[in-house]
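Me: I should like to learn how to read a protein model step by step. Please guide me through its features.

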Amino acid sequence: KGDMTDPSVQNFFDVNYTVLVEAKRQDISGQCTKKDGNCKGKEIRDSRYNDMKASMYLLGNAFRINQTKAPDNLPTVQAAKKFFKVMDA
């Protein structure tokens with residue numbers, strides 16, 4: 001078992017510890033099309049934990065044998081939901 005008190009593990013599960021994706025210029029063919037001349041987008045802030053939550057649900061739904069069951073009834077999706085219920089408690 002891993003050490004859950006390790007700072008790197010705590011940072012991973014902390015929803016306030018963010019991953020910052022810097023803003024990029026959003027020019028069209030090298031020309032800024034905004035009236036104010038500010039074509040810099042907004043930075044994106046998210047956590048690794050939120051990324052993991054989204055990806056576990058999507059991957060559980062993507063790798064299934066047939067399409068007869070609703071996504072929420074798949075064993076992998078149910079296991080992911082149980083995991084997050086415990087982690088978010």
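Me: How many aromatic pairs does the count come to?

Reply: This is a predicted model, and the count comes to two aromatic pairs. In one of them, the ring centres of Y49 and F84 are 5.7 Å apart and the planes stand at 70°, so this pair is edge-to-face. An angle over 60 degrees between the planes is what earns that name.

Me: Which parts of the chain does the pair of Y49 and F84 link?

Reply: The pair links distant parts of the chain. Y49 belongs to helix α2, residues 48-62, while F84 belongs to helix α3, and 35 residues separate them in sequence.

Me: Are Y49 and F84 buried or exposed?

Reply: Both Y49 and F84 are buried. For F84 the relative accessibility is 8%, and because buried means under 20%, the residue falls in that class.

Me: Which residue forms the other aromatic pair with F84?

Reply: That residue is F83. The rings of F83 and F84 are 5.2 Å apart from centre to centre, with 70° between the planes, and this pair is edge-to-face as well. F83 has a relative accessible area of 32%, so it is described as partly exposed. Ring pairs thus join Y49, F83 and F84 into a cluster.

Me: Which charged residue sits over the ring of F84?

Reply: It is K53, whose charged end lies over the ring at 5.9 Å from the ring centre.

Me: Let us turn to charges that meet each other. How many salt bridges does the count come to?

Reply: One salt bridge is counted. The partners are K81 and D72, and their closest N and O atoms are 3.0 Å apart. The cut-off for such a pair is 4 Å, so this distance qualifies.

Me: Are the partners K81 and D72 buried, partly exposed or exposed?

Reply: K81 has a relative accessibility of 41% and therefore counts as partly exposed. D72, at 38%, also counts as partly exposed.

Me: Where does K81 lie, and which residues does K81 touch beyond those up to four places away in sequence?

Reply: K81 lies in helix α3. Leaving aside residues up to four places away in sequence, K81 touches Y57 and D72. One can also compare position in sequence with position in space: K81 and M56 are 25 residues apart along the chain, and their C-alpha atoms are separated by 9.0 Å.

Me: May we take P75 as a further example? In which helix is P75 found, and how far is P75 from R64 in space?

Reply: P75 is also part of helix α3. From C-alpha to C-alpha, P75 and R64 are 9.6 Å apart, with their positions eleven residues apart in sequence. P75 has 55% relative accessibility and so counts as exposed.

Me: How should I describe the whole protein, and in what order do its elements run?

Reply: One lists the elements from the N terminus, and here they run α-β-β-α-α. The total is three helices and two strands. Of the 89 residues, 11% count as buried. Among contacts with a separation of 6 or more, 48% involve residues 24 or more positions apart. The protein exposes about 7,400 Å², and carbon and sulfur atoms supply 55% of that area.

Me: Where is confidence lowest, and where is it highest?

Reply: Confidence is lowest in strand β1, residues 19-21, with a mean pLDDT of 70, and highest in helix α3, residues 75-88, at 85. The protein averages 78, and 90% of the residues score at least 70.

Definitions and conventions
Residues numbered from 1 in each chain as written. Predicted model: local features only at pLDDT ≥ 70, side-chain atom pairs only at ≥ 80, totals over all residues. Heavy atoms only, no water. pLDDT = per-residue confidence, 0-100. Helix = DSSP H or I, 4+ residues; strand = E, 2+ residues; numbered from the N terminus. Buried < 20%, exposed > 50% of the residue type's maximum accessible area, 1.4 Å probe, protein only. Contact = heavy atoms within 4.5 Å. Areas by Shrake-Rupley, 256 points an atom, 1.4 Å probe, with all protein chains shown as cover. Salt bridge = Lys/Arg side-chain N within 4 Å of Asp/Glu carboxyl O. Phe/Tyr/Trp six-rings, centres within 6.5 Å; stacked < 30°, edge-to-face > 60°. Lys NZ or Arg CZ within 6 Å of the ring centre and 35° of its normal.
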